[in-house]
Amino acid sequence: MQLTGSLFADMSAIYGNGLSTFPDYPAEIRAPHGTVSGVSGFQVHIGSGKVSTPGDFCDLLVAMNPAALKANARWCKRHAMILVDEDAFDEAGMKKAGFATDNPFLELGVEDRTLIAAPITTLTQESLKDSGMDNKAILKCKNMFTLGMACYIYNRPLEYIYAYLEKKFARKHPEVIEPNKKVLFDGFNYAANIQAIANTYTIAPAEHLEKGTYRNITGNQATAWGLLAASEKSGLSLFCGSYPITPATAILEELALHKSLGAKTLQAEDEIAGICTAIGAAYAGNLAVTTTSGPGLSLKSEAMGLAVMAELPLVVIDVQRGGPSTGLPTKTEQSDLNQALYGRNGECPMAVVAAHSPAHCFDAAFQAAKIALARALAGNPDVLLLDEVTAPLDELSQEKVTRMLDKECRDKTIISISHRLPAVRNMDRLVVMESGHIVQEGRYDELAAKPGLFASLVARETGTVPAGETHSDVPTGRAACPQPATSVATSDEQR
């Protein structure tokens with residue numbers, strides 16, 4: 001059903017409709033086939049304008065067995081169509097789904113909807129009886145028969161699906177192309193010739209769309225691309241160290257496809273190892289990322305504190321799942337905001353960014369990386385929350401830092417963070433910060449010669465008297481010099 005729903009969505013996008021989709025997988029591991037807990041579905045919401053959500057209630061429900069009907073009947077609108085494979089509604093199937101009577105529609109209270117009970121399994125077998133395929137392979141094609149019926153109901157052209165089948169199976173399984181085309185066309189014709197479908201629908205293409213190239217995209221894919229864009233823009237190599245966890249694994253998988261863009265990925269042995277490798281990569285000068293879900297975020301909390309203490313730029317991506325503890329891997333819930341804001345010991349502030357749509361995940365990931373690099377001057381990584389959360393974004397501790405980075409973090413400018421004064425002696429420009437605020441700017445020699453914080457730091461390193469002071473102004477010994485928590489940011493074409 002996932003492939004069938006994806007094909008219908010892609011076809012609608014090419015037609016010009018706005019759309020939003022929601023794949024629904026069972027949360028149980030190997031849930032028994034034919035039971036309510038094992039139902040897998042794909043929700044498609046299309047329209048003549050912009051579509052922002054997958055929606056709640058449906059106009060057409062396709063239920064391939066009694067369990068699918070029972071799991072989703074409550075989401076049918078009053079005027080909805082319900083299309084079922086009547087071959088699956090036998091005694092065994094009804095018993096597995098937990099029906100108490102032999103009339104599931106009456107039992108669920110949907111008998112007043114437009115019901116289309118078609119022998120889809122039998123018709124698929126009849127359509128492909130001369131194809132040379134075995135019965136198991138033929139039964140896999142019944143979703144295509146159903147897709148053909150849906151295309152008739154919503155006046156969708158079949159040419160895109162034909163092209164998809166040719167492209168997907170041309171190399172490895174060319175023998176299945178024509179059978180799938182035939183059963184798709186037969187499903188379309190069957191729907192056109194039966195008398196049970198009183199109405200068909202036409203959803204016109206969206207009007208007033210800006211000219212350009214459009215594509216369907218998932219939130220995880222958009223997040224990966226946003227990180228790649230941030231890597232290109234900052235001039236830093238991207239490193240992602242993660243432990244696979246649903247539903248965040250797709251980000252790691254997508255980044256692994258883009259080695260040509262300098263992306264480095266590592267599948268770690270556990271959540272803690274994942275974030276620790278990312279911290280090490282950040283220390284080595286990479287744009288570092290780690291991905292996880294709610295359970296993994298709690299395991300990473302101590303290492304997140306380490307990143308804050310070390311003042312390293314790090315993006316932690318939390319693709320939220322439902323429920324506490326291990327939770328429900330395939331069900332979503334916007335429930336990790338408090339953990340993202342406060343789930344660390346000690347004074348450990350981190351900026352939190354939240355995406356509000358799959359497309360916005362690109363911008364959110366890009367901004368999260370930008371903020372992490374900027375906040376490294378103030379000593380903070382940040383957290384990116386995905387899955388429709390509205391979360392507050394911390395102010396940068398100094399607006400001047402943001403303006404400086406916006407202006408100069410382009411082309412070949414390098415921003416380096418260091419507490420070691422010899423390492424920055426030959427740099428082009430220094431920015432000295434105290435408690436997150438810029439207090440001095442200039443070259444090393446200029447700042448060392450002026451009374452102030454930097455001169456005091458130089459004196460502490462070298463054991464000399466700070467500029468502007470005499471021997472009588474301070475006691476002897478290096479310990480007399482001030483020792484604030486200070487960062488030195490450098491800007492040069494060489495690190």
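Angles under 35 degrees between helix axes count as roughly parallel, and those from 65 to 115 degrees as roughly perpendicular. The structure treated in these exercises is a predicted model.

**Exercise 1. Helix pairs**

Classify the packing of α12 with α14 and of α5 with α7, and state which residues form each contact.

*Solution.*

Step 1. Helix α12 spans residues 271-283 and helix α14 spans residues 301-310; their axes cross at roughly 10 degrees and come within 9 Å. The crossing angle falls under 35 degrees, and α12 and α14 are therefore roughly parallel to each other.

Step 2. On the α12 side the contact is made by I275, C276 and I279, which meet A303, M304, L306 and A307 of α14. Sorted by class, this contact has seven nonpolar residues, no polar and no charged ones.

Step 3. For helix α5 (residues 120-127) and helix α7 (residues 142-153), the packing angle is about 105 degrees and the axes are 9 Å apart. This value lies in the range 65 to 115, so α5 and α7 are roughly perpendicular to each other.

Step 4. I120, T121, L123 and T124 of α5 face K142, F145 and T146 of α7 in this contact. The class count here is three nonpolar, three polar and one charged.

**Exercise 2. The sheet of β3, β4 and β5**

Determine the strand order of this open sheet and explain why β3 and β5 each have one side without a neighbour.

*Solution.*

Step 1. The sheet is open and has three strands, ordered β3-β4-β5, with parallel pairing.

Step 2. β3 (58-63) and β5 (114-118) occupy the edges and have a single partner strand each, so one side of each is left without a neighbour in the sheet.

Step 3. From one strand to the next, the twist averages 15 degrees.

Step 4. The parallel pairing of β3 with strand β4 (residues 76-85) runs over five bridges. Within it, L60 has M81 of β4 as its bridge partner.

**Exercise 3. Strand β6**

Establish whether the faces of β6 are covered or open, and identify the strands with which β6 pairs.

*Solution.*

Step 1. Five of the five residues of β6 are buried. One side carries L238, C240 and S242, the other F239 and G241, and both faces are covered.

Step 2. β6 pairs in the parallel sense with strand β8 (residues 287-292) over three bridges. In β8, V289 stands opposite C240.

Step 3. A parallel pairing over four bridges joins β6 to strand β7 (residues 264-267). Here G241 has L266 of β7 as its bridge partner.

Step 4. Strand β6 (residues 238-242) also has the highest mean pLDDT among the elements of the chain, 97.

**Exercise 4. Two acidic residues**

Decide whether E271 and D90 are buried or partly exposed, and describe the setting of each.

*Solution.*

Step 1. E271 is part of helix α12. The cut-off for a buried residue is a relative accessible area under 20%; at 5% relative accessibility, E271 therefore counts as buried.

Step 2. Beyond its neighbours within four places in sequence, E271 contacts Y243, I245, T291, T292, G296, L299 and K300.

Step 3. D90 is located in the loop between β4 and α3 (91-97). With a relative accessible area of 39%, D90 is partly exposed.

Step 4. N65 is 25 residues from D90 along the chain, and the C-alpha atoms of the two are separated by 9.3 Å.

**Exercise 5. The chain as a whole and its confidence**

Summarise the composition of the chain and locate stretches where pLDDT is below 50.

*Solution.*

Step 1. The chain contains 19 helices and 15 strands. Of its 495 residues, 46% count as buried.

Step 2. Consider contacts between residues at least 6 apart in sequence: 68% of these join residues at least 24 apart.

Step 3. The average pLDDT of the chain is 81, and 83% of the residues score at least 70. The lowest mean among the elements, 38, belongs to strand β15 (residues 486-492).

Step 4. Residues 388-402 have a pLDDT below 50, and this stretch has 41 contacts in the model beyond near neighbours in sequence. Over residues 471-495 the pLDDT likewise stays under 50, and the model has 71 contacts there beyond four places in sequence.

Definitions and conventions: Residues are numbered from 1 along each chain as its sequence is written. This is a predicted model: local features need pLDDT of at least 70, side-chain atom pairs count only at pLDDT 80 or more; totals for chains, interfaces and linings use all residues. Side-chain values use heavy atoms; hydrogens and water are left out. Axes are lines fitted to C-alpha atoms, for helices over the stretch in contact, and angles run from 0 to 180 degrees between N-to-C directions. Helices (H or I, at least four residues) and strands (E, at least two) are DSSP runs, numbered from the N terminus. Angles under 35 degrees count as roughly parallel, over 145 as roughly antiparallel, 65 to 115 as roughly perpendicular and the rest as oblique. Contact means heavy atoms within 4.5 Å. Ala, Val, Leu, Ile, Met, Phe, Trp, Tyr, Cys and Pro count as nonpolar, Asp, Glu, Lys and Arg as charged, and the others, Gly among them, as polar. Two strands pair if DSSP finds at least two bridges between them. pLDDT is the predictor's confidence in each residue, from 0 to 100. Buried means under 20% relative accessible area, exposed over 50%, partly exposed in between (1.4 Å probe, protein chains only).
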